[in-house]
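Welcome! Please take a moment to look over the sequence and the 3D view before reading on.

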Amino acid sequence: MQVKKISAAIYLALLILLPFSAARAAETTSSKPNILLIISDDLNDWIGPMNGNPQTKTPNIDKLAARGMTFRNNQCAAPLCNPSRAALMSGLRPSTTGIYDNNHTWMPHIPVGLCINDYIRKGGYQSFGAGKIFHYRNYRTEEWDKLDYTTDDTLPNHPVPNRKPGPLGYREFTEGKPEKPWEEQRQESKLTDSKSVKWCSDRLNEETTAPFFMVCGIHRPHTPWDIPKKYFDQFPLESIQLPEAPPGDLDDVPAQGKEFAVYKGSNSSHEKIIELGLWKDRVRAYLAAVSFADAKVGQLLDALNKSAHKDNTIIIFIGDHGWHLGEKQHWGKVTLWNEATLTPMIWVAPGLTTAASFCDKGVDLMSLYPTICELAGVPIPKHVEGISIKPLLTNPNAEWTTPSLSTMQKGNHALLTDKWRYIRYHDGTEELYDEIADPKERTNLAAKPDLAEVKQKLAKFFPTKNADPVPVTEKKKGKGKRGKRRADANAE
């Protein structure tokens, strides 16, 4: 079976990696930088430095960006939580592992020792983690020095009043408002993100015997948007500006693209939201959730600034993928357009990055693993498929010839440069967009004969390997139809 062959190849790559020598392990680590990685869930470009929405309020993320470099064309490896996180943490793309969906548990298919949190310990680091790093409860605790994972309050079955499972997270999302407004349901200190940030802040105040690699996963702006009222108060409902969503935007999109977007029919969340008159309400709630996530980032950075690690810590802020809020008549993720694949990436690397700088090269989250290794003085493992962006951290205009790559299920890929987005689906249908002349990706140019050479040059960057999907996790069996799986994917 192909999956077994791929797994065997990965194990072989691991065996080829020579262990660090005793001398290297004993080498002093006092000069090594600490690394703080912050991951937000379902965050698109609605933050200040990316200017994806003029109404967004993210003062803490803005301050972080003012200290370093923002990558404005950073893409996810997969526009879905589980495959995105498994890829960026392991260094292996979905097309290599076969981990394409949220019901593909990554642990049986990625060998122990490959993930960055475990691998970097061989270079003298301690690994700390809290919150949503991998997908929900899928962790190997033995691969961390310290790990905290509190009950996840974004799961559909979490015992919170007024919450019922349903499309896009919770039934009230598309079927009206909950019995009590989201902002009146729970106290801020009770939310998982508050607990995770506090745990990480406490670790920052502890003495360490080695440099640390710390990952703090912040669930919001993932649904549900039941966050404190003060965040909603920043966005009066009547002031909300809606995203642009021309009704004919998908007329030139292949059938597979429309299927990913659940363009029309009984599963169309956008049609339901319009029918119920809830578009402004949902946009407002997302803005509030982004503001809440920003506040958590601010609390964590305040703790770092008050700690002994203030001047020797590399800070990285990312999202796991983007999110549609009606653009292209779609809600959620799971498409290969910019709304679902674009996500923030900000680096503050003392001595490398320039304050308030920007890079517009097409890069993706697979760059995290090799760049972290390079900056930590740890050899980049041979299995890692991403490319280090260290040259761009020092010079955002450095030559960069490799486009970003995003994958949604087997055989469907999107490439992005600073000029083009090229999508090819498993059935050979295509989309091509001029990102400079058409940043909203409204006009599909794939059929134009004079652009055949552009597609040909880009096509060499598509994966040559498209692994079969790994077996579905037992508890997820029975979901059956693709549309149901897609609703579950957006929920998670």
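This report walks through the model, from its confidence to its sheets, cores and a few single residues.

## How far to trust the model

What you see is a predicted model. The protein chain has a mean pLDDT of 87, and 82% of its residues reach 70 or more.

Two stretches call for care. Over residues 8–29 the pLDDT stays under 50, and the model gives this stretch 28 contacts beyond four places in sequence. Over residues 159–175 the pLDDT is also below 50, with 63 contacts in the model beyond near neighbours in sequence. Where pLDDT is low, the predicted coordinates should not be read in detail.

## The eight-stranded sheet

Let us begin with an open sheet of eight strands, which follow the order 5-4-6-1-7-10-2-11 with mixed pairing. Strand 5 (146–148) and strand 11 (357–359) stand at its edges; each has a single partner strand, so one side of each is left without a neighbour in the sheet. From one strand to the next, the twist averages 15°.

Some of the pairings can be traced by eye. Strand 7 (residues 313–319) and strand 10 (residues 345–348) run antiparallel and are joined by four bridges; here isoleucine 315 has valine 348 in strand 10 as its bridge partner. Helix 12 packs on this sheet, where it touches strand 1 (34–40), strand 6 (212–218) and strand 7, and its direction makes about 170° with that of strand 1. Helix 14 (residues 368–376) lies across strand 1, strand 6, strand 7 and strand 10, and runs at about 0° to strand 10.

## Strand 4 and its partners

Strand 4 has a partner on either side in the strand order. With strand 6 it pairs in the parallel sense over six bridges, and glycine 131 has glycine 217 in strand 6 as its bridge partner. With strand 5, strand 4 again pairs in the parallel sense, over three bridges; there glycine 129 stands opposite leucine 147.

How many residues of strand 4 are buried? Six of the six are, so strand 4 is largely enclosed by the rest of the structure.

## The loop between strands 4 and 5

Two residues of this loop are worth finding in the view. Arginine 140 is in the loop between strand 4 (126–131) and strand 5. Is arginine 140 buried or exposed? Its relative accessible area is 9%, which is under the 20% cut-off, so arginine 140 counts as buried. The side chain of arginine 140 reaches two backbone oxygens: that of methionine 107 at 2.9 Å and that of isoleucine 110, also at 2.9 Å. Beyond its neighbours within four places in sequence, arginine 140 is in contact with Trp106, Met107, Ile110, Pro111 and Val112.

Phenylalanine 134 sits in the loop between strand 4 and strand 5 as well, and it is buried at 1% relative accessibility. Not counting residues up to four places away in sequence, phenylalanine 134 touches Arg85, Met89, Trp106, Cys115, Asn117, Tyr139 and Trp144. Its C-alpha atom is 9.0 Å from that of serine 84, although the two residues are 50 apart along the chain.

## Nonpolar cores

The largest nonpolar core has 52 residues, and Ile38, Ile227, Val283, Tyr286, Leu300 and Phe317 have the most contacts inside it. Helix 12 (residues 279–305) gives the largest share of this core, with 16 residues. A second, separate core has 47 residues, including Ile39, Ala86, Leu114 and Ile372.

Isoleucine 38 shows how parts of the chain come together. Leaving out residues up to four places away in sequence, isoleucine 38 touches, among others, Cys216, Val297, Leu300, Ile315 and Phe317.

## Asparagine 74

Asparagine 74 belongs to strand 3 (residues 74–75). It is buried, with a relative accessible area of 0%. Beyond its neighbours within four places in sequence, its contacts are Thr341, Leu342, Thr343, Pro344, Met345, Val363, Asp364 and Leu365.

## The four-stranded sheet

Further along the chain, four strands form an open antiparallel sheet in the order 13-14-15-16. Strand 13 (404–407) and strand 16 (430–434) are at the edges, each with a single partner strand, so one side of each lacks a neighbour in the sheet. Here the twist averages 15° from one strand to the next.

Strand 14 (residues 413–416) and strand 15 (residues 420–424) pair in the antiparallel sense over four bridges, with tyrosine 422 in strand 15 as the bridge partner of leucine 415. Helix 16 (residues 452–459) lies across strand 14, strand 15 and strand 16, and runs at about 75° to strand 15.

How values were computed
Residues numbered from 1 in each chain as written. Predicted model: local features only at pLDDT ≥ 70, side-chain atom pairs only at ≥ 80, totals over all residues. Heavy atoms only, no water. Buried < 20%, exposed > 50% of the residue type's maximum accessible area, 1.4 Å probe, protein only. Contact = heavy atoms within 4.5 Å. Core = buried A, V, L, I, M, F, W, Y, C linked by side-chain atoms within 4.5 Å. Pairing = 2+ DSSP bridges. Axes fitted to C-alpha atoms, helices over the stretch in contact; angles between N-to-C directions. pLDDT = per-residue confidence, 0-100. Polar contact = N/O pair within 3.5 Å; in protein donor to acceptor, adjacent residues only side chain to side chain.
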